[in-house]
Amino acid sequence: MDSLKLLFEPYIFIPLVFPGLIAAFALLLIIIWLERKIAAKVQLRYGPLYVLKPLGGIIQTVADLLRYLFQEPILPKEVDKVAFLMTPVLLFGLSYLPLVAIPVSPTYYAFRSDVSLLIVLALTTLAPIFTVVMGWASNNKFSLIGGVREGYLVTSYEIPIFLSALSMAILYNSLDLVEIAEAQRGLWGVFLNPIAAINMLLLMYMSTSRFPFEIPEAESEIVAGPYTEYSGIIYGLVMGASYVKLYVLSLVYSILFLGGWNPLPSTDPLVAGAVLFSKAFLLVALGAFLRAVYPRFRIDQAISIGWKIAFPLSLISIIISLLLVMGGVSFVGK
């Protein structure tokens, strides 16, 4: 009983169960299946079907995971071995780490800080560094091109995504994720500053290489970009990292713009956590849908969107927040 009670302590439950490792793993399995299924429906195919056929092949991703687990990882002769093997682990770890700072309810969190929003965003910016290193360490022209593309994209989306998030912090007069969610008991952030909401949604998909921004790993051009030389469970890690990062950013987006665990009045961690997870899941599912309906941008088009559209919009969102605050509008959390 003591062990079970210990499991529900926030500093264990949040990193290990929700929104941590187990929830992220479950979402990963479901969303990859959903992504394939939606793409297949749009293209008039069946998609995953034969693994548990009565439920539409829903455990196809589990079968793929087993294949990755038992597949022999191949280490090419010409790679930089230390960097080649360490970067997937660090990439996945840094994609997962921000989950520890995500609150589940007003009273249930593993880590709380006055600057938790900045901590989560700062950790998410570290992962692309390892994607660039991966491209270099693979000693493969396709990997190098993919790594360079990732580097170009990072420079075009990181500043606007920070500015869009900070515009909401100005409105709420706080960088604490708990206070930000509590400040939206009446009116959600998406209605207060819709420019920031639209801009951050666009940048969220760009930063996780979702369509139409799947440019670093464009299969029809450069095989799999930085991941070309990876195989087995190591490839599973690098593939899963972008989904985990999208999950983290979807949780942050839900707290910033969709009221977090609101509008339910209950502060029970299970109910509040279910509401927060549902919002994040819908955002991830929207990313899966976009894959099926949008063609991929070229790298120059994506960079142009980052600097010529997203950056000005992020400045406008800051101005909107400042005008609201100067006009006497207050959304401080209680």
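A residue counts as partly exposed when its relative accessible area falls between the buried range, under 20%, and the exposed range, over 50%. Keep that in mind for the views below, which come from a predicted model.

**View 1. Leu-52, a leucine with a positive phi.** Here we're in the loop that links H3 to helix H4 (60-70), where Leu-52 is found. Its phi is positive, about 65°, even though Leu-52 is not a glycine. With a relative accessibility of 38%, Leu-52 counts as partly exposed.

**View 2. Asn-173, another residue with a positive phi that isn't glycine.** Look in the loop between H7 and helix H8 (177-182) to find Asn-173. Phi at Asn-173 is about 55°. Asn-173 has 60% relative accessibility, so this residue counts as exposed.

**View 3. Helices H7 and H12 packed together.** H7 covers residues 141-172 and H12 covers residues 232-257; the two pack at an angle of about 30°, and their axes sit 10 Å apart. That angle makes H7 roughly parallel to H12. The crossing of H7 past H12 is left-handed. On the H7 side, Tyr-157, Ser-164, Ala-165, Met-168 and Tyr-172 take part, and they meet Lys-245, Leu-256 and Phe-257 of H12. Sorted by class, this contact brings together six nonpolar residues, one polar and one charged.

**View 4. Gln-184, tucked into a loop between H8 and helix H9 (189-192).** Gln-184 is buried, as its relative accessible area is 0%. Its side chain makes a polar contact with the side chain of Tyr-172, at 3.5 Å. Tyr-172 may ring a bell: it's one of the H7 residues that meet H12. Leaving aside residues up to four places away in sequence, Gln-184 also touches Gly-189, Ile-255, Leu-256, Phe-257, Leu-258, Gly-259 and Asn-262. Leu-256 and Phe-257 are familiar too, as they belong to the H12 side of the contact with H7.

**View 5. The cis peptide bond between Asn-262 and Pro-263.** Omega for this bond is about 10°. Pro-263 lies in the loop that runs between H12 and helix H13 (269-293). Its partner in the bond, Asn-262, is also among the residues that Gln-184 touches.

**View 6. A cis peptide bond at Pro-19.** Phe-18 and Pro-19 are joined by this bond, and its omega is about 5°. You'll find Pro-19 in the loop between helix H2 (10-16) and helix H3 (21-42).

Definitions and conventions: Residues numbered from 1 in each chain as written. Predicted model: local features only at pLDDT ≥ 70, side-chain atom pairs only at ≥ 80, totals over all residues. Heavy atoms only, no water. Axes fitted to C-alpha atoms, helices over the stretch in contact; angles between N-to-C directions. Helix = DSSP H or I, 4+ residues; strand = E, 2+ residues; numbered from the N terminus. Parallel < 35°, antiparallel > 145°, perpendicular 65-115°, else oblique. Left-handed = near helix turned anticlockwise from the far one by under 90°. Contact = heavy atoms within 4.5 Å. Nonpolar A, V, L, I, M, F, W, Y, C, P; charged D, E, K, R; others polar. Buried < 20%, exposed > 50% of the residue type's maximum accessible area, 1.4 Å probe, protein only. Polar contact = N/O pair within 3.5 Å; in protein donor to acceptor, adjacent residues only side chain to side chain.
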